[in-house]
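Colleague: Got a minute to walk me through this one? I'd like to start with the ligand.
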Amino acid sequence: MVDAVNLGENEMNRSAHNFSKRYGPAALVTGASDGIGAALATELAARGLNLIITARRADRLEALATSLRSDHGVEVLVVPVDLGINQGPDNLVDATSGQDIGLYVACAGFGTAGRFIDNSASEELNMIDVNCHAMTAVLHPLARQMAARRRGGIILMSSIVAFQGVGNSANYAATKAYVQTLAEGLAAELTSSGVDVLASAPGPVETGFATRADMQMGGAATPQTIAKATLQALGRTVTTRPGAQSKMLGYSLAMLPRRLRSRILGQIMQGMTKHRDANKEKTTA
Ligand SMILES: NC(=O)c1ccc[n+]([C@@H]2O[C@H](COP(=O)([O-])OP(=O)(O)OC[C@H]3O[C@@H](n4cnc5c(N)ncnc54)[C@H](OP(=O)(O)O)[C@@H]3O)[C@@H](O)[C@H]2O)c1
């Protein structure tokens, strides 16, 4: 029994060592103050990677850094940055330029729900800035560095909505289509340089995402489940659909024409924002 436990531990240590050799010594995780980014940072620390964690909420980043240092003995650098403002991506690139980053995990992002024309134009444009522009601005120098040293990993957060247009989430789905397409193309360009590129496309996940978008999600996966499944897929495939709901929905929708997929996901999105109509009725009554 004791031998079996030791064997299991040895196996885990060996695979953490291999992971760290391939993607270490440090990982940059954006969007690490909450949800999937925080869960991925925790999983990476458990595999022995040093971390650079970033988002806007410095207090949450500091609290995570303190617990990762004490639980896993790794080094953690906290870089608070707003990726949705002009100088944000450049500030992050400058702050991390001396670091030996072998893994870039791009989790910073947000969505809106409801009709595009009913939402604020500035928020919709800010979403493109954070989800697409900033993610790409930080990616470019890191991908170059990794390709030059012929080793590294890139994880981009896509979504189940990335594979077709989706009503009530039109602009968010479009930003994720950009992320998904970029990951697929980059994987084709960088695999021969020893850089693994992964698009992780979950369905609903229990994070701060739904609160910010004022959506109600049913049967959402935990961020820990998504983080573990995402890291398992790195280096094995180009697109992963972590979580049971994403797998089930993704594979059943994949058989349908794009137009029908659009309609079904649009209806699901509408269901997630139904409570808003009820709230509106309450305020006008
Ligand atoms: N939750 C889902 O159902 C779901 C499904 C599929 C894909 N995804 C994708 O997964 C990724 C992570 O989302 P999540 O679910 O973990 O949501 P979350 O809990 O809301 O986390 C989003 C992270 O992005 C950061 N962020 C947002 N705006 C930022 C800005 N302007 N500058 C810097 N950082 C910013 C947030 O930090 P601060 O607020 O501290 O800045 C937070 O750390 C996103 O790309 C999302 O599109 C989520």
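Modeller: Sure. Bear in mind that this is a predicted model. Of the 31 residues around the ligand, the nearest are Ser33, Ile36, Arg56, Tyr172 and Thr207.

Colleague: Which polar atom of Ser33 lies 2.8 Å from the ligand, side-chain or backbone?

Modeller: A side-chain one, and its partner is an oxygen atom of the ligand. Val205 uses a polar backbone atom instead, 2.8 Å from a ligand oxygen. Asp34 has a backbone N or O atom 3.5 Å from an oxygen of the ligand.

Colleague: How much of the ligand's accessible area does the protein cover?

Modeller: 97% of the 880 Å² that the ligand has on its own.

Colleague: Which helix gives the most to the shell?

Modeller: α7, with three residues. α2, α6 and α7 each supply at least two. By type, the shell has 15 nonpolar, ten polar and six charged residues.

Colleague: Switching topic. How many aromatic pairs are there?

Modeller: Two. In one, the ring centres of Phe19 and Tyr23 are 4.9 Å apart and the planes are at 55 degrees, so that pair is tilted. Both residues lie in helix α1, four residues apart. Phe19 and Tyr23 are both buried.

Colleague: And the other pair?

Modeller: Tyr172 with Phe209, also tilted, at 5.2 Å between centres. Tyr172 is in α6 and Phe209 in α7, so the pair ties together parts 37 residues apart in sequence.

Colleague: Is Phe209 buried or partly exposed?

Modeller: Partly exposed, at 22% relative accessibility. Tyr172 is buried, at 10%.

Colleague: What sits over the ring of Phe19?

Modeller: The charged end of Arg47, 5.3 Å from the ring centre. Arg241 does likewise over Phe163, at 4.5 Å.

Conventions
Residues are numbered from 1 along each chain as its sequence is written. This is a predicted model: local features need pLDDT of at least 70, side-chain atom pairs count only at pLDDT 80 or more; totals for chains, interfaces and linings use all residues. Side-chain values use heavy atoms; hydrogens and water are left out. A residue is near a molecule or strand if one of its heavy atoms lies within 4 Å of it. A polar contact is a pair of N or O atoms within 3.5 Å; within protein, one must be able to donate a hydrogen and the other to accept it, and residues adjacent in sequence count only if both atoms are side-chain atoms. Accessible areas come from the Shrake-Rupley method with a 1.4 Å probe; for residues, only the protein chains shown count as cover. Ala, Val, Leu, Ile, Met, Phe, Trp, Tyr, Cys and Pro count as nonpolar, Asp, Glu, Lys and Arg as charged, and the others, Gly among them, as polar. Rings of Phe, Tyr and Trp (its six-membered ring) pair if their centres lie within 6.5 Å; planes under 30 degrees apart count as stacked, over 60 as edge-to-face and the rest as tilted. Buried means under 20% relative accessible area, exposed over 50%, partly exposed in between (1.4 Å probe, protein chains only). A charge sits over a ring if NZ of Lys or CZ of Arg is within 6 Å of the ring centre and within 35 degrees of the ring normal.
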